[in-house]
Every structure is written in C-alpha cells, then in structure tokens.
Amino acid sequence: MSGLSPETVSRTIGRIYDCAVDPTMWEPMMCDLRDQMNLAYVQIFLMPDGLNLASAVNLGTPWDTTALDAFRPIARDAPGLQALLSRPIDQPTSQYDVVSEAEFQTTDFYRHWVQPQSLRDNPYTALLARPKMQAGIVATTYATRDLITQAERDAIRFYAPHIRRALLISEMLDEGRLQLQLYRAVLDTLTVGVFMVDEDARIVLSNGTGDAMLGTTGPLGEVSGRLWPHSALHRPALHDAILRASRDNGDGLGTWGNGIALPASDGAISIAYVLPLGRSERRRALGPGHAAVFVTDRSGARPPAAEVLTAMTGLTMAEARVALAVAEGRTTADIAHEMDISVHTLRKHLANIYEKTGLATQSALGAFINRFRLPLA
C-alpha cells in the first residue's frame with residue numbers, strides 16, 4: 001500500500017484512534033499522513049448543514065491561514081466541487097477525475113487561489129454522508145509533484161473508515177469531554193453507553209447509561225458476563241468487531257464495528273461503534289479492557305444502509321453499494337453504469353462479495369441483504 005511498511009500503517013492507525021479520545025492529536029496525526037504521501041496539506045472538513053464548505057469546521061495540518069480563510073467564500077466557484085463532494089464515501093476522487101487539468105488551469109479559481117500557492121491536485125474522500133452531517137478529507141498536492149497515484153488512493157481508502165470511526169466516537173464523547181482521566185464518575189456523566197470489554201466481549205467496566213441499556217427490552221443484554229445483543233442477526237457482527245479490535249492496534253478492524261445496528265424489542269435502533277484500546281495510554285485512560293464499545297440511541301447517529309452493511313459483513317463500501325443494488329433487483333449493466341465502473345470491475349466486486357458472504361448467486365445475495373434491511377426499516 002503506497003510502499004508503506006506494516007509498522008508505519010500500524011503506527012498511523014494507532015494515532016488515528018488516539019484522536020477519538022484526545023482531539024489535540026488530530027493535527028500531528030494528519031501531519032504524519034501528509035508526510036507519508038508527500039502532500040502539501042491534509043484537511044478534514046465537517047459540514048453540519050449539507051455540502052457547504054463555506055460553513056465547514058476543519059481540522060488539518062498547518063497551512064497559510066489567510067489562504068484558507070480566503071478559500072471559504074470562493075469555495076463554491078471551485079470547478080467540479082459539487083461532483084467531488086457528492087462522491088460515495090471512502091472513494092478518493094482526484095480534482096482531475098471530474099474536470100481536466102487543462103480546463104481547470106483556465107479558471108479564475110486556479111489563477112487566484114491555486115497557482116499562487118504552488119498547488120496542483122486536490123483529491124477528496126467523503127467520510128460521512130448523512131442528513132445532519134457531511135464530512136470529508138482533502139489531500140492536496142504541490143505543483144512540483146505528480147498527480148495522486150493509485151497506490152496513494154488505496155492508502156487513503158484504507159485509512160478512511162478508521163478516521164470516520166474516530167470522528168464519530170469523538171463526537172459522542174464531546175457530551176462530557178474527556179480529560180484523559182476517564183474514571184467511572186466521569187463515564188457516568190455521558191449520555192452515551194460505554195462498555196470496556198475483553199476480546200470475548202466480557203464486560204470489564206460500563207457506565208450508568210450502558211447499564212441502563214442492559215435488559216430484556218433494550219438493545220443489549222449480559223450473558224455469562226458477556227455483552228450480548230438481543231438480535232441474533234446482529235450479534236456476530238458486534239462480537240467479531242470486538243475480537244478484531246482487541247488484537248494488536250486494531251489494524252484489521254477496517255469497516256467492522258463502524259456503525260452496527262442494534263434493534264430493541266420495541267423496534268428502536270441503537271448504533272454501536274467499537275474502538276480498539278491496544279497499547280495506547282490515551283485510549284487505555286478510558287478504563288480497563290481490550291476494546292471500548294460506544295452505543296447511542298440518537299436517531300441522528302443512524303448510519304445509512306451501506307455503512308451498516310460494511311460494519312456487519314466486512315464488505316468494502318463499493319462492494320456494499322453493489323450488494324444493495326443487487327438486492328433492489330438492478331441489472332449488472334445498470335449498476336456498472338451508475339457506479340461508473342466497467343462490468344468486469346463489477347464482476348470482481350461480486351466475486352469478493354460472494355467470498356465474504358459465502359453465497360453463490362445474485363438471488364441468494366438479494367435475500368441475504370434484505371434480511372439485514374428488515375430490522376432497520
């Protein structure tokens with residue numbers, strides 16, 4: 001992956017998850033990403049009112065603040081901006097995938113903002129696409145280097161679900177901002193359920209909100225000391241995510257545990273996110289255990305079907321979109337056209353889906369997917 005060593009990848013993922021409990025780590029973590037890929041700067045944009053960069057809150061590496069402030073009022077004039085912002089999540093897209101470089105260089109936006117800063121490409125990757133929150137990461141290159149490579153896109157795509165998980169958990173913890181000394185008294189002030197668990201999902205520590213979620217009517221129970229989703233359909237996904245998160249630094253966690261739906265008996269849906277604690281002192285300050293499970297019943301935290309599917313099956317975001325389209329009865333030609341991929345690439349996605357789900361036909365896949373969708377209606 002972009003020539004990065006396993007040690008570099010493991011270190012970076014660890015730093016990403018440290019950001020979930022210590023927001024001061026976002027800048028050094030993104031400086032690390034910037035230097036790994038020889039970028040000019042890296043920015044995460046959080047857009048609470050839709051795809052509107054002008055009102056976005058951003059986290060990022062150091063850059064000329066005057067230039068960044070000047071970008072906001074003219075952001076809407078950036079060629080191809082709306083096409084970039086509307087791309088599916090976890091799919092890095094170069095500025096020049098949506099507009100040619102020659103055409104881009106004739107625009108006022110290029111002459112007045114891009115060229116004076118000696119910049120070139122502006123790849124964007126959507127991290128969240130929800131009604132009340134949009135988020136994405138921008139990895140901008142200098143004019144002196146080549147366009148973003150496929151290997152670099154693969155690296156961004158690999159890191160994206162880890163960054164999304166850290167952002168969402170950090171948002172949940174903002175209700176009672178951690179001071180890196182999260183003892184039981186502080187955990188109990190949070191309105192989100194928190195469970196510290198070992199790799200077998202045995203509960204080591206839980207907060208008051210989490211305790212209230214355990215019972216016969218809520219989304220979770222406790223069986224032989226283990227955190228136990230009442231939904232047999234969703235139970236393996238949570239337990240597998242906990243097991244993955246408990247190993248090493250969570251390198252293999254990926255999309256697993258990134259928005260697992262937990263239905264209750266009354267039809268309400270809670271959402272779980274799993275955070276690896278690993279060897280990090282910052283994350284282990286949350287409390288004892290190998291992993292932390294955060295559960296919220298806020299409707300605004302409910303992820304779209306594709307995110308739920310990736311969390312429960314380990315499919316990539318592209319594979320999840322293919323699987324959902326198949327479940328809707330769409331033809332392969334229509335799916336390939338809508339996703340702007342070749343039929344050959346689509347068939348590769350299907351082969352990967354079959355391998356991960358143990359299925360062999362599109363009809364069986366459609367039935368399998370609709371089993372997941374029914375509890376989320």
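Both faces of strand β1 are covered in this predicted model. On one side, Tyr41, Gln43, Phe45 and Met47 are buried, and on the other side Val42, Ile44 and Leu46 are buried too. Counted along the whole strand, which spans residues 41-47, seven of its seven residues are buried. Strand β1 also has partners. With β4 (residues 133-140), β1 pairs in the antiparallel sense over seven bridges, and here Val42 stands opposite Ala139. With β2, β1 again runs antiparallel, joined by four bridges; in this pairing Leu46 faces Val57.

Just after β2 comes a residue worth a look. Thr61 sits in the loop between β2 (57-60) and α3 (65-74). Is Thr61 buried or exposed? With a relative accessible area of 3%, Thr61 is buried. Its contacts, leaving out residues up to four places away in sequence, help to fill in the picture: Thr61 touches Tyr41, Val42 and Gln43, along with Glu27, Met30, Cys31 and Arg34. Tyr41, Val42 and Gln43 have already appeared among the buried residues of β1.

The next stop is helix α2, which covers residues 26-36 and holds Trp26. Trp26 is buried, again with a relative accessible area of 3%. Although 34 residues separate Trp26 from Gly60 in sequence, their C-alpha atoms are 7.2 Å apart in space. Setting aside neighbours within four places in sequence, Trp26 is in contact with Cys19, Ile44, Leu59, Ile163, Ala166 and Leu167. One of these partners, Ile44, belongs to the buried residues of β1.

Another partner of Trp26, Ile163, leads into the nonpolar interior. The largest nonpolar core has 73 residues, and those with the most contacts inside it are Ile163, Leu275, Val293 and Phe294. Which helix gives this core its largest share? That is α8 (residues 150-173), with eleven residues. Beyond its neighbours within four places in sequence, Ile163 is in contact with Ile16, Trp26, Leu33, Ile44, Leu127 and Ile137. Apart from this core lies another, of 48 residues, which includes Phe45, Tyr96, Val138 and Leu309.

Leu309 points the way to helix α13. In this helix (residues 305-313), eight of its nine residues are buried. They are Ala306, Glu307, Val308, Leu309, Thr310, Ala311, Met312 and Thr313. After α13 comes Gly314, which has a positive phi, near 80°.

Finally, the cysteines deserve a word. How many disulfides does the model contain? The count comes to zero. For Cys19, the reason is distance: its sulfur is 11 Å from the closest cysteine sulfur, that of Cys31, and this is too far for a bond, because a disulfide needs the two sulfur atoms within 2.5 Å. Cys31 is likewise in no disulfide, with the sulfur of Cys19 as its nearest cysteine sulfur. Both residues are nevertheless covered. Cys19 has 0% relative accessibility and counts as buried. Cys31 has a relative accessible area of 16%, and it counts as buried because the cut-off is under 20%. These two cysteines also tie back to residues met earlier: Cys19 is in contact with Trp26, while Cys31 is touched by Thr61.

Methods:
Residues numbered from 1 in each chain as written. Predicted model: local features only at pLDDT ≥ 70, side-chain atom pairs only at ≥ 80, totals over all residues. Heavy atoms only, no water. Helix = DSSP H or I, 4+ residues; strand = E, 2+ residues; numbered from the N terminus. Buried < 20%, exposed > 50% of the residue type's maximum accessible area, 1.4 Å probe, protein only. Contact = heavy atoms within 4.5 Å. Core = buried A, V, L, I, M, F, W, Y, C linked by side-chain atoms within 4.5 Å. Pairing = 2+ DSSP bridges.
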